[in-house]
Amino acid sequence: MTHIQLQTVLARVQRDLWLASAAKVGLLVVAMACLFLPDRNSNPLTSINTLGLLMVCILWVLLTLSSVKGGQAAHEVDTMLAGGNYDAAEAGLQKLLRRFSIYRSTKLMACHKLAILVHARQQFAQSVQICRLLLAQRLGPVRALAIDSELLLTDALLMLGEMNGSHTHLSRLARYRLNLNQQLTLLPIRLGYELRCGAPDAVLARLETKMHLISLMPPYEAAQSSALLAMAARREGKPLLCKYLWTKARMYADIDRMTDRFPELAALATLPTLDEEMDNHEQN
Amino acid sequence: MELNNQQADAIAAVSQPRRGFLQGHKLLAGLAVLGLISIFFKSPPLLNWLVPLSIAALVTIGSWTIVKRQRTASNQLAAGLTALQLRDYPKAQSLLLASMSRPVYNPVQRTGGLLALAMVAEHQRQHEPALRLYESVLSSPRCQWSQYYLAAVAKAMALLRLDRLTDAVDYMAQLEKASLPPPSRAMLSMVQLYRQIQTGQSAAALENHDQVAVQARNHLGTGAAPIYGLLALAYDRQGDHASARPWWLRATMLLSGAELVHYFEELRPLAQKWPDVQVPKS
């Protein structure tokens, strides 16, 4: 997705969010008017009030059904994203974002998925734009998106080297009560931030808790977090701990998978791991 | 308290969405008909105004109550899944039982809850209730494909643990032909490895060990530890202690020896022979 395409999409999203709110208020006003305004017609079949109320109900149901369809399409996008099928996910999201929905949450969810997609493609500047748009909205029933958007935004800013921005959003995240999965997402971001800020002692603080969290992560994130801890141990002059943590990192993934986000980890590549040493020792 | 067969069956049955007379849409349709009757039959103007309003209020209160109850169950389920992730099995069990003791209308949540309870039962070494829960997941009509394959592979392992070797082998042969997602394929490799070790075919277990280990590392994360442990056991049983040692080290770098023994009792001799690697201070 190009910068111009993204701008068009974001402008459309903002317009649709406004339209959704206006439509909801409009329908509610009409319904109230039908209920409470006096009607001189004694026959309910031809009463304007009854017909008006019926029309509002029908319109609401139709718009809700259309939103539900949008919700189902969003689930399909989830599956595509999980399977790494990004092109199909993008096409699905573009369709979803073009569709009008009376519920702001449908549009906001689609917008969040778009942020996840561009983030996964490592288009961090675009991810920042979408997350900022989301965080500026009144999220209402989807307020849980605020934390996920903050997490994406913090990571994107870190990847763009904007340390001040990362710090601001890390501080904001500290105010939320994160669930376990959000804590697992936050850990490598925080470790990366602290390491890049030149605070390896902070990286190694509460090591046992961090290692427990790492054991719950998917392989790629676990490898990256362990390698960041290993790098901090090296900078702190703890060679044994560094080797131990590097061995742990290599238990989860190959080196190239760790260095794509943190190129500084390449410095650890020459370090032998404990099991390699043991293998060599046994062979000799 | 450990999960038993009756509890497993009861949870699978109770968590099914109800299909009774007072199902949501039928109730709404009934109320709508009542509303139309009140509009079209000549009734005092106050009643004409009052009946639709009362119906709207009833529907709103009813929907709100249902949504609130579902949300509580959903929160309990999420907390149960978190406890399971953190390996706090007693807490996971009580939360999961509480959330699954009423109909769960979201099919993905329901199968997720059943799977989680089955994992708790596995941890308690209650393989028969676990098997029953896996079978309820597999027979759920709107089960997600990833959950389906997870349950299928876990069922194969439960069959092995219950010493139903022929059933397990037949079932694994079926799974071999299916296009499993990579994590489930890696889990299936672990089941096959365990079967080979259990039946004394340690040499056969080591034939594709590199491929099995790479698959496990790429897709299972910490879950690869039992596979490394089984590889160490296979080497050890072959008398190749020198090759067994690095595999045991890899396993215990990810999980403690005690946890590995809880997975597979067969690993106890290795845990006694080689202590866990300690985290260095410097």
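## Exercises on salt bridges and a chain interface

A:Glu264 is partly exposed, its relative accessible area being 23%. The structure in these exercises is a predicted model, and each task below is followed by a worked solution.

**Exercise 1.** Find the salt-bridge partner of A:Glu264 and state where the two residues lie.

*Solution.* Begin with the side chain of A:Glu264, which meets that of A:Arg196 in a salt bridge, with N and O 2.9 Å apart. Next, place both residues: A:Arg196 belongs to helix α8 of chain A, whereas A:Glu264 sits in the loop between α13 and α14 of chain A, so that the pair links distant parts of the chain, 68 residues apart. Finally, consider accessibility: A:Arg196, with a relative accessible area of 29%, is partly exposed.

**Exercise 2.** Decide whether A:Asp155 and A:Arg261 are buried or exposed, and explain what their salt bridge ties together.

*Solution.* The cut-off comes first, since a residue counts as buried when its relative accessible area is under 20%. A:Asp155 has 6% and is therefore buried, and A:Arg261, at 12%, is buried too. Their side chains meet in a salt bridge of 2.8 Å, taken from N to O. Because A:Asp155 lies in helix α6 (residues 144–159) of chain A and A:Arg261 in the loop between α13 (255–259) and α14 of chain A, the pair ties together parts that are 106 residues apart in sequence.

**Exercise 3.** Identify the salt bridge between chain A and chain B, and describe its two residues.

*Solution.* The count between these two chains is 1 salt bridge, and in it the side chain of A:Asp254 meets that of B:Arg217 at 2.2 Å, N to O. A:Asp254 lies in the loop between α12 and α13 of chain A, while B:Arg217 lies in helix α11 (residues 209–220) of chain B, and so the pair joins two chains. As for accessibility, A:Asp254 is partly exposed at 35%, but B:Arg217 is buried at 15%.

**Exercise 4.** Describe the interface of chain A and chain B by its contacts, its area and the residues on the side of chain A.

*Solution.* Start with the contacts, in which 33 residues of chain A meet 29 residues of chain B. The area buried between the chains is about 2800 Å², and carbon and sulfur atoms give 65% of it. Of the area that chain A buries, A:Tyr244, A:Met251 and A:Met278 supply 21%, more than any other three residues. Polar contacts across the interface amount to 7 residue pairs. On the side of chain A that touches chain B, the largest share, 9 residues, comes from α12(A). Sorted by class, that side has 20 nonpolar, 6 polar and 7 charged residues.

Notes: Residues numbered from 1 in each chain as written. Chains lettered and ligands numbered in written order. Predicted model: local features only at pLDDT ≥ 70, side-chain atom pairs only at ≥ 80, totals over all residues. Heavy atoms only, no water. Contact = heavy atoms within 4.5 Å. Buried area = accessible area lost by both parts, 1.4 Å probe. Salt bridge = Lys/Arg side-chain N within 4 Å of Asp/Glu carboxyl O. Polar contact = N/O pair within 3.5 Å; in protein donor to acceptor, adjacent residues only side chain to side chain. Helix = DSSP H or I, 4+ residues; strand = E, 2+ residues; numbered from the N terminus. Nonpolar A, V, L, I, M, F, W, Y, C, P; charged D, E, K, R; others polar. Buried < 20%, exposed > 50% of the residue type's maximum accessible area, 1.4 Å probe, protein only.
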